[in-house]
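Trainee: Could we go through this one together before I write up my notes? I'd like to start with how the chains meet and then move inwards.

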Amino acid sequence: MTSATRPPDGWTAVTLLCALLVAGPLVGLPLSFALAPGGLARFSGFVPEALEATAVLVAGVGAGTLVLGTALAALVSFCDFPGRRWIEWALVLPLAVPGYVFTLFALGLKLPGVRSQLGAVAVFTLVLYPYVYLLARSAFLAQSRTLLEAARGLGMSRRQAIARVGLPLARPAILGGVALALMEALADFGTVNLLGVRTFTDAIYRVWFNAFDRQAAMQLATLLVSVTLTLLLLERFLRGRARYQQNAARGELVPPVRLRGPAAAAAVIGPLLLVGLVVGAPLVQLGAWSVQAVGRGLLAPQFGAAARNSLLLAAMSAVIVPAVAVLLAYGVRASGSRPAALAARTATIGYGLPGSVVAVAVIVPLAWLDRRLGDVAGSLFGFDLGLLLTGTVIGLFAAYTVRFLALAWSAVEASLLRVPRQLDEAARGLGADRLDVLARVHVPLLRAGLVTAALLVFTEVMKELPATLLLRPLGGDTLAVSVWQATSESLFRTAALPALLIVLVGLAPVVAMISLSGRRRSELEAAQAAGSWADAEVAA
Amino acid sequence: MSRRKLVVLISAGGALLVAAFAGVVIATSGSSSNELVVYSARSHYGEEQPFRDFAARTGDDLTLFGGSASELYERIRSEGARTRADVLITVDAANLWRAKRAGILAPLRSPELEREIPKDLRDPGGAWYALTLRARTIMRSTARVKPGAVATYAGLGEPRWKGRLCLRSGTSEYNVSFVADRVAKYGPAATERLLRSWMANRPEVLGSDADVLDAIADGRCDVGLANSYYLGRKLADDPRYPVALEWADQRGHGTHVNLSGLGVVRASNRKDEAVRLIEYLEQPREQAEFARNNKEFPVVPGVEPAPEIASFGSFKRDTIDVDGAGRQLEEALRLMDEVGWQ
């Protein structure tokens, strides 16, 4: 029987439903141009301004992360120096510092010139370079010794061999990393808002809340999405090639050059200073401010509720989002149908999308549903439902699922891919049905992937600012929201303790990754683990 | 794992998940329906004791929901008849005016409030009442600018401050309200001239009033415009903070004053408690507490401002015309965009 005549498959239906729930709201964004054709005309000044800021960010953050990330990756991959094992992992730690937390630190210390486009470029470069670093490093380490040795045999010096063979081979991975860093920078709201840089995310917020025009906000969001999708496609394209090359280039590791004297000292001190500036100094300063805040009674009155809300939202999302991801990934595998695969691709589009875009996209259909539900409940049962979707955290969970599904999906899918299909078939041949296969073959094998997915979603939700800010229900302030509110009022001490908690929680997956790599023997394996972690973190 | 075990596990897990989900929804959605919900743009000013005192006194639960005044306005508007807000508190007049015009606020008659609060500090229809006053005036460096060297808003536009003027961004509610008030009182042409003279000084535009003060203290600017309580906070932290304020336009109409105000939400079904809260907050004792906590000016005559601000002497305040300024909001935004006040 061909697939065309097969009755509709249950798993395909499940996959399609997931995709519809996640991607449906996003499809509605361009509709805003049809609903209010002249909407954006009132804000004609916002678009060129946002385009200019976007161009500056793309150029500055692109160049900054490219240079910093690649240089550090080359340093730890091709050279050896005392403490290298520690330093190569310490260099990942800035991933745990959200841009707006570093901004709080920089503004609180009154570092000169932060409140500018250049300041934003510097902040993003410092907190986002690890994307480039991780991918470049795993690409460098995967390069075979034979290629570099062949280059040297042809008369190149070691340095020439690295520059003319090593770097070009890693180019797709490096550019992929840059694309990811740029997507993060464009999705950011907290940093640019606090620094007064007028990007699209800031414009969306201003149009929505200073001019109260949701349609125009949706139109701006549509414009931003088109920029982000371009980057996403670029990244997928480059990453595809990077994978291919990594697999093609197996062999022995390149022996690193042993640095001595001043060179070794510089190789140790440089990275340590960098990590000290981006992670160490903020932690110490935030700690000191927190102590002062507690001592002088400057904590926000809602601090306790905000901490509780952050934990509850993150924990709940860490269950919901991976669960949807398993449904999706398993649906694709079980049905093997083309629509299901396409649906999975569509459903995971949300990660590249800024939280404010997701919020705008989600709130309109939810508010509409809310009104309908309320009317139905009222007329049928005489029961006042209140605002079931937009008045509670349900709306927030919807947004988190849209935004972070890709993250969980790639972690789950990665471990599902490691389960060979023959295993399914063997189990089926032995008389098991699909549910049996899931229970006795997949669940045990998926455990690690699920834990990774849950951990990633948990920390991302803790950090998430724009969607939470726009969709939080009554009483739903989170730590991230309190940091942003206090910082925008220049109440740095009040902002410090919530910010500190966010960073400490964010360190968890990074530290977990480090300890995981400690257990592995081969450096190559560790590098690939890092690569797949970055993969999961950024959800290719 | 056997098949039966999995089915049991999935159903148990599912049930647990649903229960947990419901729990989280309830836990994060405020608390009982028997509570007074205040949407307050003041909530990030730190602990404000009067709200707690009221809750302790009446035994009511009081939930403060924070956000910027315009966020809260947009939220109530989109929640419509199903909003849970009972009281809306803004930190500027423009959003009170918007809320009134959008029909969000219910008119409230209270002889007590009408007796206590001066006429221009409450809506003629009773839709809102001022809670505190905030003067937006000239700030100068005590090290580089002599007292009285700049005494008017127009003075900030003199060429001698070229490159030495700091302003907060043009999207700030306080600046928009200031400009709308000027347009209402002096007309668009005169206001445009004023703004253009400021812009000709190539001001450094900063993100908050506190940053404007810090820029003056650090020597990046000599003069600026800010709300007086920001200076009060700085001086409470550090009595030797090198910035002083000048009460602007004392020989003219007086210093521009904005207000933080509040009103009862029309969709509230606890209007009586809402009124009681408002009356409570407007008592002299609580007014003094607001003045002490955030260094603002009380609206009730006879209540002393905080010592940090009182040290600058009393001043003549310009009249407040919320409706007049409100009608000029769009024009103000257009003007600011046109002269390039970003």
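Trainee: How many residues does each chain bring to the contact between chain B and chain A?

Mentor: Keeping in mind that this is a predicted model, the contact takes 43 residues from chain A and 37 residues from chain B.

Trainee: And on the chain B side, which elements each supply at least two residues?

Mentor: Four elements do so on the side of chain B that touches chain A, namely helix H1 (3–27), strand E2 (61–66), helix H3 (69–79) and helix H7 (209–218) of chain B. H1(B) gives the most to that side, with eight residues.

Trainee: What about the chemistry, how do the residues on that side divide into nonpolar, polar and charged?

Mentor: On the side of chain B that touches chain A there are 14 polar and 11 charged residues, together with 12 nonpolar ones.

Trainee: Switching to chain A itself, how is it divided into domains?

Mentor: Domain 1 of chain A is made of two segments, 10–40 and 303–476, while domain 2 covers 45–297. The C-alpha centres of these two domains of chain A are 28 Å apart.

Trainee: How many residues does each domain put into the contact between them?

Mentor: Domain 1 of chain A contributes 20 residues and domain 2 of chain A contributes 26 residues to that contact. On the domain 1 side, the elements that give two or more residues are helix H2 (31–35) and helix H15 (355–381) of chain A, and the largest share, six residues, comes from H15(A).

Trainee: Which classes of residue make up that domain 1 side?

Mentor: By class, the side of domain 1 of chain A that touches domain 2 of chain A has 14 nonpolar residues, five polar ones and one charged.

Trainee: Stepping back, what does chain A have in the way of helices and strands?

Mentor: Chain A has 22 helices and two strands, and 55% of its 540 residues count as buried. As for its contacts between residues at least 6 apart in sequence, 84% join residues at least 24 apart.

Trainee: Is helix H10 of chain A mostly covered or mostly uncovered?

Mentor: Mostly covered, since nine of the 10 residues in H10(A), which spans residues 200–209, are buried. Among them are the aromatic positions A:Phe200, A:Tyr205, A:Trp208 and A:Phe209, and the buried residues also include A:Thr201 and A:Asp202.

Trainee: Back to chain B, then: why is strand E5 described as largely enclosed?

Mentor: Strand E5 (residues 129–141) of chain B has 12 of its 13 residues buried, so it is largely enclosed by the rest of the structure.

Trainee: Which way does E5(B) run relative to strand E10, and how many bridges join them?

Mentor: E5(B) and strand E10 (residues 256–265) of chain B run antiparallel and are joined by seven bridges, with B:Thr132 standing opposite B:Ser260 in E10(B).

Trainee: How many bridges join E5(B) to strand E8?

Mentor: Five bridges join E5(B) to strand E8 (residues 223–227) of chain B, and the two run antiparallel; here B:Arg140 stands opposite B:Val223. Strand E9 (residues 243–246) of chain B is also antiparallel to E5(B), with four bridges, and in that pairing B:Ser141 stands opposite B:Val243.

Trainee: And where does B:Leu133 find its bridge partner?

Mentor: In E11(B), where the bridge partner of B:Leu133 is B:Phe297. Strand E11 (residues 297–298) of chain B is joined to E5(B) by two bridges, and these strands run antiparallel.

Note on methods: Residues are numbered from 1 along each chain as its sequence is written. Chains are lettered from A and ligands numbered from 1 in the order in which they are written. This is a predicted model: local features need pLDDT of at least 70, side-chain atom pairs count only at pLDDT 80 or more; totals for chains, interfaces and linings use all residues. Two residues are in contact if their C-beta atoms, placed from the backbone, lie within 7 Å. Ala, Val, Leu, Ile, Met, Phe, Trp, Tyr, Cys and Pro count as nonpolar, Asp, Glu, Lys and Arg as charged, and the others, Gly among them, as polar. Domain bounds come from an automatic or database domain assignment. A residue is buried if 20 or more other C-beta atoms lie within 10 Å of its own, exposed if 12 or fewer, and partly exposed in between; C-beta atoms are placed from the backbone. Two strands pair if DSSP finds at least two bridges between them.
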